[in-house]
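Here are some notes to read alongside the model, written for someone opening it for the first time. Take the points in order, with the structure on screen.

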Amino acid sequence: MRNPLPPVPGKLLELEVSDDLKRGTPLATLIAAPSEEDGDAGLAEIGGVRPTGKAGDVQTVPTGGVRWLAGVGDGEPKQYRKAGAALVRAVTSALEEDVKAGEKAFRAFAVELPADAGAEHVEELAFGLLLGGYRFTVTAEEPKPSLRTVRLITRHEGAVGALERVRELAAAAAFARDLANTPSNVKTPAWLADTAARAAGGIPNLTVTARDEKWLAEQGFGGVLAVGGGSAAPPRLIELEYRPRGATTHLLLVGKGITFDTGGLSIKPADGMHLMRTDMAGGAAIIAAVRAIATLRLPVKVTGLVPAAENHVSGSSYRPGDIVRHYGGKTTEVGNTDAEGRMVLADALVYGIKKHKPDAVIDAATLTGAMKVSLGVRTGGVFATEDALAERVTKAGERVGEAWWRMPLLEDLAETVQGSLGDVRQAPGGPGGIVAALFLREFVGDVPWAHLDIAGPARADKTYADVVPGATGFAARTLVELVASYA
Ligand code: BES
Ligand code: ZN
Ligand code: ZN
């Protein structure tokens, strides 16, 4: 029987650049919204269809050379992402209709860009085309015929170079989506470690090491072991090391790898619990980003660390009231077993900083429901000990189309995470996202540190821009771009 799980990482569409049309390839053209000069009647008809030009609108032309008209609105680069995503979805459904009607499936289509489209437009369009048609299904059905290639028809000189980078960034986002979308009955900590190792195979200067529960116990990873102790699937620590020759700067990236979060004994309500299969989205972003960083051969040393565990309920679960000793010795008073992300991150932060002495540390985690309330589901929260690092993250996000908002590490709340029985208190109440960040800060020391809380944007329940419902891969692209900023 065929394995119904899709391969992880899945395959991305091929993007080609060409300056001429190949006969027989279905063609789409991009259309800006009507300007005042176009008058009340709007744009001239094409093949009997009057284009709206609205970004995200795709109209089908029944006859003639062009088959689809994709609006790009005011023509700003951002609208090109929306247009690319809407177009690839429309073309995919057209292909499926063709197949249903017994016609031979086309495997490629071409998009004609306006003459004035620059590198940024090409990049945005490519993000839309590569990610807007993303799908993840687990099915016994034979795979449907699908698109393989998109040809961009442009004479823009920088297009080929721009696409190299975009392809890797999009591949990172798609890989992070694949990992987070994989159901938790498959996605054990060991599966996550094996999949990371497999995906890193053959990439120069990149190695992946997975540590098991025995090693974790010997080394004193009390946070990871406490959280993972309730599950039949034991925890792992995944370490990705990218060591390009001659690089001097060393960055440590740490990602929350909770393969499923029931809440533990402080159990979550049934409504929405299934969504917690994406609770390793921070870890996924880091695995995917390090792979892309190595593939792009960026001249920066990078270590990725993903403490992976399942937060489950059983006779061996950790309890509220427990006092847990982390890697390095600091102890935490457990208040709520559902605040498990910070427990595993604390161990990994101390270990990574001690072992690698990085120049800066960035962690990414679906850490708090509170952050989802603060910033909604399209913006990530950035906490940072240095203004320059916060700005670097935000700017990197802007360049790849991910929105970040700086959050404060409020000093007057710092004492709430101080312990009375142990060194620190895990879940003292107060503004959830900030308190969680202050807890993590206790494990970081003096190294410049940024904490990315992606509980909101890691998942989507609607289609927008290049995002489809499910895991979004949020933060993977920002992390690659952030590392590139140190090159
Ligand atoms: N994984 C959750 C946070 C989360 C919530 C992510 C919603 C995505 C969507 C995290 O482990 C958690 O449960 N946090 C608790 C902490 C609390 C018990 C202090 C929360 O935010 O409620
Ligand atoms: Zn939780
Ligand atoms: Zn969680």
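## Points to look at

1. To begin at the front of the chain, proline 9 sits in the segment before strand 1 (14–18). The peptide bond leading into proline 9 from valine 8 is cis, with omega near -5 degrees. In general, most peptide bonds are trans. Keep in mind throughout that this is a predicted model.

2. Next, go to the zinc ion (ligand 2). Its protein donors are Asp261 (OD), Asp338 (O), Asp338 (OD) and Glu340 (OE), at 2.0 to 2.2 Å. Note that Asp338 is listed with both O and OD. Along the sequence, the donor residues follow the spacing D-x76-D-x1-E. Aspartate 261 belongs to strand 10 (residues 257–261) and glutamate 340 to helix 8 (residues 340–356), so this pair ties together parts that are 79 residues apart in sequence. Both aspartate 261 and glutamate 340 are buried.

3. What arrangement do the six donor atoms make around the zinc ion (ligand 2)? The angles they subtend run from 70 to 166 degrees, and that makes the arrangement irregular.

4. Now for the other zinc ion (ligand 3). Here the coordination comes from Lys256 (NZ), Asp261 (OD), Asp279 (OD) and Glu340 (OE), at 2.0 to 2.4 Å. The spacing of these donors along the chain is K-x4-D-x17-D-x60-E. Lysine 256 is in the loop between strand 9 (250–255) and strand 10, while aspartate 279 is in the loop between strand 10 and helix 7, so the two tie together parts that are 23 residues apart in sequence. Lysine 256 is buried, at 2% relative accessible area, and aspartate 279 is buried too, at 3%.

5. The six donor atoms around the zinc ion (ligand 3) subtend angles of 78 to 172 degrees, which makes this arrangement octahedral. What links the two zinc ions, ligand 3 and ligand 2? Aspartate 261 bridges them, and they lie 3.2 Å apart.

6. Over to the surface: Leu265, Ile267 and Val313 form a nonpolar patch there, and together they have about 240 Å² of accessible area. Leucine 265 is in the loop between strand 10 and helix 7 (281–295). Its relative accessibility is 41%, so leucine 265 counts as partly exposed.

7. Two backbone angles are worth a look. In general, most residues other than glycine have a negative phi. Arginine 297 has a positive phi, near 55 degrees, and is placed in the loop between helix 7 and strand 11 (301–311). Is arginine 297 buried or exposed? With 58% relative accessibility, arginine 297 counts as exposed.

8. Alanine 465 also has a positive phi, near 45 degrees. You'll find alanine 465 in the loop between strand 19 (459–460) and strand 20 (470–471). Its relative accessible area is 29%, so alanine 465 is partly exposed.

9. Last stop, helix 12 (residues 476–484). How many of its nine residues are buried? Eight of them are, so helix 12 is largely enclosed by the rest of the structure. Among the buried residues are Ala476, Leu479, Val480, Leu482 and Val483, and the list also includes Arg477, Thr478 and Glu481.

Note on methods: Residues are numbered from 1 along each chain as its sequence is written. Chains are lettered from A and ligands numbered from 1 in the order in which they are written. This is a predicted model: local features need pLDDT of at least 70, side-chain atom pairs count only at pLDDT 80 or more; totals for chains, interfaces and linings use all residues. Side-chain values use heavy atoms; hydrogens and water are left out. Donors are N, O and S atoms within 2.8 Å of the metal (3.2 Å for Na, K and Ca); water is not among the atoms, so sites may look incomplete. Four donors count as tetrahedral if all angles lie between 85 and 135 degrees; four count as square planar and six as octahedral if opposite donors are over 155 degrees apart and all others between 65 and 115; anything else is irregular. Helices (H or I, at least four residues) and strands (E, at least two) are DSSP runs, numbered from the N terminus. Buried means under 20% relative accessible area, exposed over 50%, partly exposed in between (1.4 Å probe, protein chains only). Patches are made of residues with over 30% relative accessible area and no salt bridge: like charges are joined within 9 Å, nonpolar side chains (Val, Leu, Ile, Met, Phe, Trp, Tyr) within 5 Å. Accessible areas come from the Shrake-Rupley method with a 1.4 Å probe; for residues, only the protein chains shown count as cover. A salt bridge is a side-chain nitrogen of Lys or Arg within 4 Å of a carboxyl oxygen of Asp or Glu.
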